[in-house]
Amino acid sequence: VLFEDGTEMNARVIGVDEKTDLAVIKVAGEGLVPAEFGDSSALTVGERAVAIGNAAGQFDGTVTQGVISGLDREVTVTLGGRNVTMSLIQTDAAINPGNSGGALVNRFGQVVGINTIKMTSSYSNVEGLGFAIPSDTIRLLVNDLLTYGEVQPQPTLGVSVSRIGEQLGDDLWGILVQEVVPDSAAE
């Protein structure tokens, strides 16, 4: 790990999640101050954000500013040869090549996301669309990696539904269950 003051330290990989392209590493050093994580679920569209990274792999500590322009954006990317859909924070703070893994920071200096994707398109110029993994998601991933060495599968109910939120009466709402998955919790 290369620190801003030029200090280099060996790191040990604790765990890797290929689905999100995140890893937990550990360095043994004195006086290291961890970043403070904020609550990504408290973000609002229009809130200011700062993206920090290593633009083009050459410009350490690059800082760009912008606003949160979308929350819970479902974005599909190809990682490790397979398509993965992630729910991400959208920002217009410039996310340049080399900024992946850098912090998306709120006005309090708290990390609310990890920069991961810059939207590009082969058929038109797309500008101002960058995405970050929310800090709430990162907390879950890091906890799993530290505890189990891998990310644990998310629990599922085991049903396919349609017409979610159908009003059945004055104070009664429901869903139409299309299918119950065999051997699932719902069965």
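Contact here means heavy atoms within 4.5 Å. The model is predicted.

**Exercise 1. Which residues does I117 touch, leaving out those up to four places away in sequence?**

Solution.
- Step 1. Apply the contact cut-off to I117. Its partners are V75, V77, M86, L88, I95, L129, G130 and F131.
- Step 2. Place I117 in its setting. The largest nonpolar core has 15 residues, and I117 is among the five that touch the most other members. The other four are L22, V75, M86 and L88.
- Step 3. Find the elements that build this core. β4, β5, β6, β7, β8 and α1 each supply at least two of its residues.
- Step 4. Look for another core. A second, separate one has 10 residues, including L43, I95, L104 and A132.
- Step 5. Recall the general trend. In soluble globular proteins, nonpolar side chains tend to be buried together.

**Exercise 2. Is N115 buried or exposed? Which backbone oxygens lie by its side chain?**

Solution.
- Step 1. Locate the residue. N115 sits in strand β7.
- Step 2. Check the accessibility. Buried means under 20% relative accessible area. N115 has 1%, so N115 is buried.
- Step 3. Search for polar partners. A polar atom of the N115 side chain lies 3.3 Å from the backbone oxygen of I52. The N115 side chain also reaches the backbone oxygen of A103, at 3.3 Å.
- Step 4. Add the wider contacts. Among the residues that N115 touches are A51, N99, S100, G101, L104 and F131.

**Exercise 3. In what sense do strands β1 and β2 pair, and over how many bridges?**

Solution.
- Step 1. Take the two strands. β1 covers residues 11-17 and β2 covers residues 22-27.
- Step 2. Read the pairing. The sense is antiparallel, with six bridges. One example is R12, whose bridge partner in β2 is K26.
- Step 3. Examine the connection. The two strands form a hairpin with four residues between them. In the turn, D21 has a positive phi of about 65 degrees.

**Exercise 4. Which residues of α1 are buried, and against which strands do they pack?**

Solution.
- Step 1. Size up the helix. α1 has 14 residues. Its first and last C-alpha atoms are 19 Å apart, close to the 20 Å expected.
- Step 2. List the buried residues. They are S135, I138, L141, D144 and L145.
- Step 3. Find their packing partners. These residues pack against β1, β2, β7 and β8.
- Step 4. Follow one case from the strand side. V24 lies in β2. V24 is buried, at 11% relative accessible area. V24 touches V142, L145 and L146, among others. The C-alpha atoms of V24 and L145 are 7.1 Å apart, yet 121 residues separate the two along the chain.
- Step 5. Look past the helix end. G149 follows α1 and has a positive phi, near 80 degrees.

**Exercise 5. How many salt bridges does the structure hold? Where do the partners E47 and R107 lie?**

Solution.
- Step 1. Count. There are two salt bridges.
- Step 2. Take the pair of E47 and R107. Their closest N and O atoms are 3.6 Å apart. E47 is in the loop between β2 and β3, and R107 is in the loop between β6 and β7, so the pair ties together parts 60 residues apart in sequence.
- Step 3. Compare the accessibilities. E47 is buried at 11%, whereas R107 is exposed at 59%.
- Step 4. Take the pair of R139 and D136. Their closest N and O atoms are 3.0 Å apart. Both residues are in α1, three residues apart, so about one helical turn separates them.
- Step 5. Check accessibility again. R139 is partly exposed at 38%, and D136 is partly exposed at 26%.

Conventions: Residues are numbered from 1 along each chain as its sequence is written. This is a predicted model: local features need pLDDT of at least 70, side-chain atom pairs count only at pLDDT 80 or more; totals for chains, interfaces and linings use all residues. Side-chain values use heavy atoms; hydrogens and water are left out. A nonpolar core is a set of buried Ala, Val, Leu, Ile, Met, Phe, Trp, Tyr and Cys residues joined through side-chain atoms within 4.5 Å. Buried means under 20% relative accessible area, exposed over 50%, partly exposed in between (1.4 Å probe, protein chains only). A polar contact is a pair of N or O atoms within 3.5 Å; within protein, one must be able to donate a hydrogen and the other to accept it, and residues adjacent in sequence count only if both atoms are side-chain atoms. Two strands pair if DSSP finds at least two bridges between them. The expected span of a helix is 1.5 Å times one less than its number of residues. A salt bridge is a side-chain nitrogen of Lys or Arg within 4 Å of a carboxyl oxygen of Asp or Glu.
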